[in-house]
Amino acid sequence: MPDISTLAILSIALPWAGAVLIWLVRDRQPQLQHALAVVFALAGAAAALAMIPLRSEVNVLDFPLGSAFGQVTFLPDGLAVFLAVVATTIGCLAVVFSVDYMKGEKQLGRYYAYVLFFIGSMVGLVLSSNLLLIFVFWEITALCSYALISFYNDDPKAVAAGIKALIITQVGGIGLLAGALFLYAYQGNYDVPTFLAGADRLPPNVLALMAFGFLVAAAAKSAQFPFQTWLPDAMEAPTPVSALIHAATMVNAGVYLLARFYPAFEAVPNWKLAVVSIGAVTALMAAVMALVSNDLKRVLAYSTVSQLGYMVYAIGAGGIFASQFHLLSHAVFKALLFLSAGAVIHAVHTRDMREMGGLGKQMPLVKVVMIIGGLALAGIPVLNGFWSKELVLEAGHEGGPLWAWLFMLVGAGLTALYTLRFLSMVFYGEPRSGQHVHDAGPAMKVALVPLALGTLTTWLLAGSFGHFLGKALPEGHDVESTGALLLQIVTAPTTFVALAVVALGLAAWWQRARLAGLAHSLRGIGTMASNSFGFEAINRAVVSVTEASAESLRTTHNGVLNWNVMAILVGLVVVLVILALGGA
Amino acid sequence: MMSLSLPLMAAVAVLGLLGIGLLGLLVTRNLIKVVVGMQILVKGALLALLLAGRLSGQVQTGQTLALTVIVADTIVSVVALALAVQVRRQFGTLDLQALSTLRR
């Protein structure tokens with residue numbers, strides 16, 4: 001049995017090795033590429049799963065990188081191993097799904113290489129305990145996300161969406177890099193466990209800068225307010241990529257970052273309030289936008305943003321366990337929803353829900369699993385989404401302000417409403433497109449069934465999941481058995497309030513004809529939501545200001561050598577003057 | 001009479017070479033003269049390396065670096081002059097102002 005550090009390296013290196021191999025195979029042998037991708041994704045998942053019983057609370061592996069870069073260290077504790085397992089297993093299912101979804105697609109090598117490269121980097125991101133290394137892996141995942149969003153690179157929309165995602169996540173990356181450099185400046189190394197054990201040794205203002213820098217990084221990566229605009233556009237990516245990167249793994253990196261560093265930043269004034277506010281505003285706003293979108297994948301993207309808002313909110317309210325439990329549930333049921341949406345889109349060749357309808361008869365299995373996923377998203381008992389969402393709401397009720405809790409409640413009702421809306425638009429009613437619909441392929445079904453089973457059962461793991469996270473949870477988090485935890489949820493008054501709101505949301509869809517007057521009066525909000533509440537306009541303004549200033553600065557780049565030498569000389573003089581003044 | 005020590009003379013020479021080289025880069029528009037100016041500039045830097053090696057007692061480090069610079073610098077000037085020949089053949093001029101494509 002290999003030891004934990006070997007497994008940690010393997011779970012990163014195996015997918016990476018697969019990426020290189022598939023790249024080398026070239027695109028003339030698509031069957032071999034499919035097979036290699038599945039084999040290496042499976043191997044990575046096996047290595048990550050083997051880490052579960054071996055997890056460790058201290059750093060393993062100590063490989064010096066030399067001077068200022070510190071050591072390559074891994075901290076495979078419960079939190080890290082949990083996310084590594086999520087990344088590799090869902091990655092594995094997404095790769096299996098791709099065998100059918102991407103069949104006949106050109107440039108498979110590029111596709112699979114980036115998917116496997118992403119899986120390895122995501123594992124590296126969560127396992128690393130060197131903050132600089134975390135930053136490096138963080139940026140690699142952003143790069144893979146960009147490359148896969150723009151996979152159909154003859155489509156200008158896809159290219160624009162990829163660049164948008166890259167730029168916005170880079171803005172967040174600056175926050176993370178600044179935090180890493182502050183840590184090095186004040187601690188002398190990048191070691192995360194050392195930092196978490198004694199964060200109060202840092203000056204309070206530096207700690208606050210780090211805390212808010214990390215919050216910006218997390219918000220950009222997890223598509224939280226005000227950075228949420230890149231995720232819906234990212235839906236130009238092939239659907240298995242949306243399921244893997246933009247629903248189940250990479251967007252969770254922000255939530256992971258906040259959860260990992262919560263013990264250090266807890267005491268920073270206003271930090272928790274800021275986290276709660278961002279989560280609550282995002283959850284509600286994205287739910288409204290999901291309600292008015294007609295693109296199946298965009299609806300799912302908005303709902304991802306909204307559910308990530310729930311996780312961020314829970315962290316701000318101190319409910320680390322609740323947030324991670326919701327992360328687990330969400331990763332499973334949202335991957336399921338995205339993959340079944342992929343099967344639907346593959347079948348009808350459109351993402352517009354107005355052209356779908358009545359698909360339940362042609363694709364019965366997809367209908368069943370997608371409804372399971374949808375009900376979990378809506379928070380219907382006894383699916384996994386119900387338990388974790390109730391835990392989040394309970395944690396928020398205890399630890400967060402009342403207004404944010406009310407936001408989340410309304411969000412839960414809207415979630416139920418938009419879930420019913422897209423399910424009925426896709427599967428019920430009269431078939432609206434005259435196209436020939438073919439059922440999902442066998443590899444698609446192989447990927448969908450485990451996720452559906454997971455959606456039905458992961459809540460049974462609640463207690464052992466708490467024990468598994470163990471010391472990764474901040475002190476004072478009492479870990480209970482599954483039974484006690486479930487009983488606590490069932491008996492909590494917040495559960496019934498939330499259930500009532502969810503039922504209200506369902507009833508609103510049922511009675512939508514009678515509520516037409518209300519819907520009409522709310523049309524203004526709907527229009528604002530379709531225009532993404534003006535955030536796209538802000539993005540455009542930022543872009544045009546940047547372009548205009550760059551254009552006006554072009555005069556300094558006149559291409560005349562003499563001017564350039566002049567500028568160098570002036571710079572030299574300035575440096576000398578500064579040195580002279582500083583030395584005096 | 002003020003005695004001129006070797007380091008002092010060398011320092012004056014360094015500054016002089018750097019100044020002449022920079023001045024050349026600053027005022028000339030002829031590509032060949034730019035290469036000449038760069039050569040003078042680099043010779044100043046070379047001398048500065050040797051001087052620094054002597055002053056810090058690490059003569060060998062200074063000489064090693066100087067040799068490295070000589071090799072790199074030779075390649076740079078050879079490539080630059082070859083480019084100049086090609087530029088003259090292609091565009092019929094060596095005037096940098098006329099050659100610049102970065103202007104609006």
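**Group meeting: a walk through chain A and its contact with chain B**

Let me start at one residue, Phe74(A), which, leaving aside its neighbours within four places in sequence, is in contact with Ser5(A), Ala8(A), Asn59(A), Val60(A), Leu61(A), Leu127(A), Ser128(A) and Ser129(A), where contact means that the C-beta atoms of two residues, placed from the backbone, lie within 7 Å. This is a predicted model, in which local features need pLDDT of at least 70 and side-chain atom pairs count only at pLDDT 80 or more, while totals for chains, interfaces and linings use all residues. Residues are numbered from 1 along each chain as its sequence is written, and chains are lettered from A and ligands numbered from 1 in the order in which they are written.

Phe74(A) is found in strand β2 (residues 71–74) of chain A; helices (H or I, at least four residues) and strands (E, at least two) are DSSP runs, numbered from the N terminus. Is Phe74(A) buried or exposed? Phe74(A) is buried, because 28 other C-beta atoms lie within 10 Å, and the cut-offs are 20 or more other C-beta atoms within 10 Å for buried, 12 or fewer for exposed, and partly exposed in between.

Stepping back to the whole of chain A, we have 25 helices and two strands, and 53% of its 584 residues count as buried. The C-alpha trace spans about 80 × 60 × 55 Å along its principal axes. The radius of gyration of chain A is 24 Å, which agrees with the value near 25 Å for a compact globule of 584 residues; this radius is taken over C-alpha atoms, and the globule rule is 2.2 Å times the number of residues to the power 0.38.

The domain assignment gives domain 1 (1–216 + 223–264), domain 2 (270–468 + 479–530) and domain 3 (547–583) of chain A, with bounds that come from an automatic or database assignment. The centres of domain 1 and domain 2 of chain A, taken over C-alpha atoms, are separated by 24 Å, and 33 residues of domain 1 of chain A are in contact with 41 residues of domain 2 of chain A. On the side of domain 1 that touches domain 2, α3(A) gives the most, with 11 residues, and the residues of that side divide into 25 nonpolar, seven polar and one charged. Here Ala, Val, Leu, Ile, Met, Phe, Trp, Tyr, Cys and Pro count as nonpolar, Asp, Glu, Lys and Arg as charged, and the others, Gly among them, as polar.

Now the interior. The largest nonpolar core has 211 residues, and those with the most contacts inside it include Ala84(A), Val115(A) and Tyr313(A); such a core is a set of buried Ala, Val, Leu, Ile, Met, Phe, Trp, Tyr and Cys residues joined through C-beta atoms within 7 Å. Helix α14 (residues 320–348) of chain A gives the most to this core, with 19 residues. Domain 1 and domain 2 of chain A both give residues to this core, so it lies between them. A second, separate core of seven residues includes Val565(A), Leu22(B), Leu25(B) and Leu41(B).

That brings us to the two chains, whose contact takes 12 residues from chain B and 10 residues from chain A. On the side of chain B that touches chain A, the largest share, four residues, comes from α1(B). As for confidence, the model scores ipTM 0.80 and pTM 0.81, and chain B averages a pLDDT of 88, pLDDT being the predictor's confidence in each residue, from 0 to 100.
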